[in-house]
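Open the model in your viewer and keep the sequence panel visible. The tour goes from one selection to the next.

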Amino acid sequence: MSILSVANVSFSYGEYEVLKNIDADFEEGKLYVILGPNGSGKTTLLNCIMSNLAWYSGIIRLKGQDVKKMTSRERARLISYVPQNTVIDFEFTAREIVLMGRSPYLRFFENESLEDVRIAEECMAMTNVLHLMDKNIKEISGGERQRVLIARALCQDTPIMVLDEPASSLDIYHEINVMDILRNIVREKRRTVICVMHDLNTAARYADYLYLMSNGNIVARGEAKEVFNSENLEKVYSVKSDVIEVDGKKYIVIDSIV
Ligand code: ADP
């Protein structure tokens, strides 16, 4: 059974329909990648899943329960979110930001325990930001901030993690580091990870299952070998491409735009 299901979800900004009858299922122990050109509705879909845009039609279920009927605290114990290009305009240290990941487990005004601090430091070590612990979040680079936010989501320790372009501001070392961490928690802890990303080759390398979006619809879904073919890429991205296979892995080589 799926841990998260999106059934017949539509969403509009005024007259403009951004999501059109989306159906998607997410199972435990799998890493999902959502792809599609700019404006195809990926971030909107994540925001519906996170109940940030709660006026969608259709139904989104977390562990079988309608998310709209859950409290934000109940949701926060099941699903964590790393949004795109977050600006944090408060004077928090990186450590304080990561520790916020523990708040769904604390009572009101309860302080974090030593165990919470240990978990936060472990997550900061995983994403290589432990040395930034006492730095003001406003005074670190975009890529470092992204890794702090990924550490916060890891610290939240939820069965589902949702990340919007997690690698967008990361150098190649940290992109691979973060994607390896996500793959490990999927394999070892049977977590569900859902990432929006643009890089087709990173998606092919890490995704167990892909959703390809265009114009508010899911136009292809499945494993990389099913989704990545020249026809789909031309239809969705308007590019000519070759899909080659090396050691059983798919690589996409873009020739030109159409
Ligand atoms: P993607 O993540 O695939 O790039 P988005 O979900 O961000 O796409 O956006 C889908 C469409 O919704 C785009 O055409 C975008 O211009 C539009 N859109 C996004 N946010 C708003 C908003 N706040 N008001 C009106 N239209 C919006």
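**Strand β9 and its partners**

This is a predicted model. Begin by selecting strand β9, residues 209-214. The strand is mostly covered, with 5 of its 6 residues buried.

Next, add strand β3, residues 30-35. β3 and β9 run parallel and are joined by 4 bridges. To find the pairing on screen, show Val-33 and look for Leu-210 in β9, which stands opposite.

Now select strand β10, residues 217-222. Does β10 run parallel or antiparallel to β9? The two run antiparallel, with 5 bridges between them. Here Met-213 is the residue to show, with Ile-218 in β10 standing opposite.

Stay with this pair and follow the chain from β9 into β10: the two strands form a hairpin with 2 residues between them. Select Asn-215 in the turn and check its backbone; its phi is positive, at about 55°.

**Helices α5 and α6**

Hide the strands and select helix α5, residues 142-156, together with helix α6, residues 172-189. Their axes come within 12 Å and cross at roughly 10°. Angles under 35 degrees count as roughly parallel, and α5 and α6 are therefore roughly parallel to each other.

Which residues of α5 meet α6? Show side chains for Arg-147, Ile-150 and Leu-154 in α5. On the α6 side, add His-174, Val-178, Ile-181 and Ile-185, which they meet. Colour the contact residues by type: 5 are nonpolar, 1 is polar and 1 is charged.

Key
Residues are numbered from 1 along each chain as its sequence is written. This is a predicted model: local features need pLDDT of at least 70, side-chain atom pairs count only at pLDDT 80 or more; totals for chains, interfaces and linings use all residues. Side-chain values use heavy atoms; hydrogens and water are left out. Axes are lines fitted to C-alpha atoms, for helices over the stretch in contact, and angles run from 0 to 180 degrees between N-to-C directions. Angles under 35 degrees count as roughly parallel, over 145 as roughly antiparallel, 65 to 115 as roughly perpendicular and the rest as oblique. Contact means heavy atoms within 4.5 Å. Ala, Val, Leu, Ile, Met, Phe, Trp, Tyr, Cys and Pro count as nonpolar, Asp, Glu, Lys and Arg as charged, and the others, Gly among them, as polar. Buried means under 20% relative accessible area, exposed over 50%, partly exposed in between (1.4 Å probe, protein chains only). Two strands pair if DSSP finds at least two bridges between them.
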